[in-house]
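Okay, thanks for squeezing me in. Let me put the model up and we'll walk through it together.

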Amino acid sequence: MNDELRALYQEVIIDHGRHPRNFKKLDHPSYTQEGYNPLCGDRLTLYLRIADNKIIDASFEGQGCAISMAASSLMTERIKNMPVTEARQLFDAFQNLVTQPDPPKKIREYLGKLTVLGGVRDFPVRIKCATLPWHALNACLNNITKQIVSTE
Amino acid sequence: MSLIDRSAEHSSLPFSKVDWPAIRRDFPLLTQQPYGKPLAYLDNAATTQKPNIVIDSVAHFYRFDNANVHRGVYQLSERATAAFEAARDKIKYFLNAPLREEIIFVRGATEAINLVAQSYARPRLKPFDEILISAMEHHSNIVPWQMVCKQTGAQLKVIPINDNGEIMLDSYRALLSEKTKIVAITHLSNALGSIPPVQKMITMAHAREIPVLLDGAQAAAHFKVDLQTLDCDFYTFSGHKIYGPTGVGMLYGKKSYLEAMEPYQGGGEMISRVSFESSDYNSLPYKFEAGTPNIAGVVGLAAALGYINTIGLDNIRQREQQLLNYATQALEQTAGLRIIGMAKHKASIISFVLDSAHPHDISTILDQQGVAIRAGHHCAMPLMTRFNVPATARASFSFYNNESDIEQLVQSLQLVNQIFSGKMGE
Ligand SMILES: Cc1ncc(COP(=O)(O)O)c(C=O)c1O
């Protein structure tokens, strides 16, 4: 097996891919968002419970490859108890990780465990697998903004 | 020496005399080494590689014969036109079509089906009329009919398949009715490899005077198609799936139907006289060939058909059945692998899923081992739903593939199993 493959399928990814965390429907979610990748048929639903501008719970359901499952699992782990504004930052940092050739050390440190997904950089067609749950998250966050805007 | 140097185009060798390794060498792309590994190209159902004779014929056309067709009254244009029209004859013989003017050049199978949907079905269908397709159609033999249904109020009915991926003929019989206005079915499923009993199905439809379109996008490259025996009313294939160029394909339609149909597109070539008040349409086949066609593509397609004839479709079929059997046995011995589609009549296309890994992950790992397969829904999403899988991995074989391609596939699948069982070691 070559280095790129080894980097893509790290143990953490295999583990989270096979045994995704937070893999369930959330009771009374504040936000539900579907993510769909028509190219490969990966499909997931992200559930968020938000209170006081903070993500107090996150979960997901769906079907997909190891990368998208692991990405969703790791993301939901990380964003629990995170303020909405920070989740936005995290989204940007993750985008940077998977699309930039050499993401800065600061970003890597900030992302921590999420950096295991950086291996997709060498597999252009797989980047969308890693970003699928993140785009669902982003859509939720944008909805929050809209609602805040509309209530103001 | 390669087979293509033989001049006797229509008298192919006995099977035992065919030099398959030499034939493989006719395909220059196959010699490349992705990631330093030999290329095992097993995505032939998506598109086939091109033999030198096809590549050379396209280049030759642009170097020496390029001109527009049916227009110029100079030698060059006459030569281009002659090459273009000779290709039409070649297709007629290749498919044993009754008449040359029943062969229409199009972009591919997709355009052909849209043409029939819009020019044949749309003006004739009324609300509650029915169009019959099968559960294993490619999206290009689903969506054009859905569009017609939307336009006319007709309804799309689907012939079910059993768990092996075979058409359920009793259900088909039950679905055929006076409401059925056209039957459109694949001649070979791109996702499962099943070959439906089209001859029977055509006879059953004709007993009720219902026309039948066969989608031969996959079939034409794998076995002999005899349109006069089949007696279907429309047939189509794409050049790129039969060792020819992309962007060219053909529609066959019975003359009686084609003559009664309105043109699909308007423009140059499809008219005989134009004034601002009205235009007279040209005769067949030109009525359906508006605009400058893909002339070089047509020339390349003719070269591809000539090449296939030198090998012989019976030889091709026999070789591909060997590869299908070899691969089926090897895959069945791979741990956790399940083949989707176990029809009794199959061509060399195998869809499968693996317990340990998603098709997308399989495909990425295989790619790094030099093995090109397809992962996904194969443009047959309803079929994936039917088998309750989100996607499959698919290996599809051509006569130029060989047993070592299959070994490479199987070994790479074992690597997938290792990676996903966590037994890789660091
Ligand atoms: C069974 C079948 N029908 C139709 C098509 C469409 O062919 P094209 O994209 O060349 O028009 C394909 C191509 O994948 C196919 O496999």
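I'll start with how chains A and B meet, then turn to some backbone details in chain B.

Quick housekeeping: this is a predicted model, so local features need pLDDT of at least 70 and side-chain atom pairs count only at pLDDT 80 or more, while totals for chains, interfaces and linings use all residues. Residues are numbered from 1 along each chain as its sequence is written, chains are lettered from A and ligands numbered from 1 in the order in which they are written, and side-chain values use heavy atoms, with hydrogens and water left out.

So, the interface. People often give the size of an interface as the accessible area lost when the parts come together. Here, about 1700 Å² is buried between chain A and chain B, and carbon and sulfur atoms give 57% of that. Buried area, by the way, is the accessible area (1.4 Å probe) that two parts lose on being put together, summed over both. On the chain A side, A:M1, A:Y9 and A:C40 lose the most area to chain B, together 25% of what that side buries.

In residues, chain A brings 23 to the contact and chain B brings 18, with contact meaning heavy atoms within 4.5 Å.

What about charges across the interface? There's one salt bridge between the chains, that is, a side-chain nitrogen of Lys or Arg within 4 Å of a carboxyl oxygen of Asp or Glu. B:D361 pairs with A:R126, and their closest N and O atoms are 2.8 Å apart.

Which elements of chain A are involved? α1 (3–8), α2 (11–18) and α3 (66–79) each give two or more residues to the side touching chain B, and α1(A) gives the most, with four residues. Helices here are DSSP runs (H or I, at least four residues), strands likewise (E, at least two), numbered from the N terminus.

Now the backbone of chain B. The peptide bond from B:L284 to B:P285 is cis, with omega near 0°, and B:P285 sits in the loop between β10 (279–281) and α10 (295–311).

Then two non-glycine residues with positive phi. B:E209 has phi near 60°, in the loop between α7 (198–206) and β6 (212–215). B:D231 has phi near 65°, in the loop between α8 (227–230) and β7 (234–238).

Buried or exposed, for B:E209? B:E209 is exposed, at 72% relative accessibility, whereas B:D231 is partly exposed at 33%. The cut-offs are under 20% relative accessible area for buried, over 50% for exposed, and partly exposed in between (1.4 Å probe, protein chains only).
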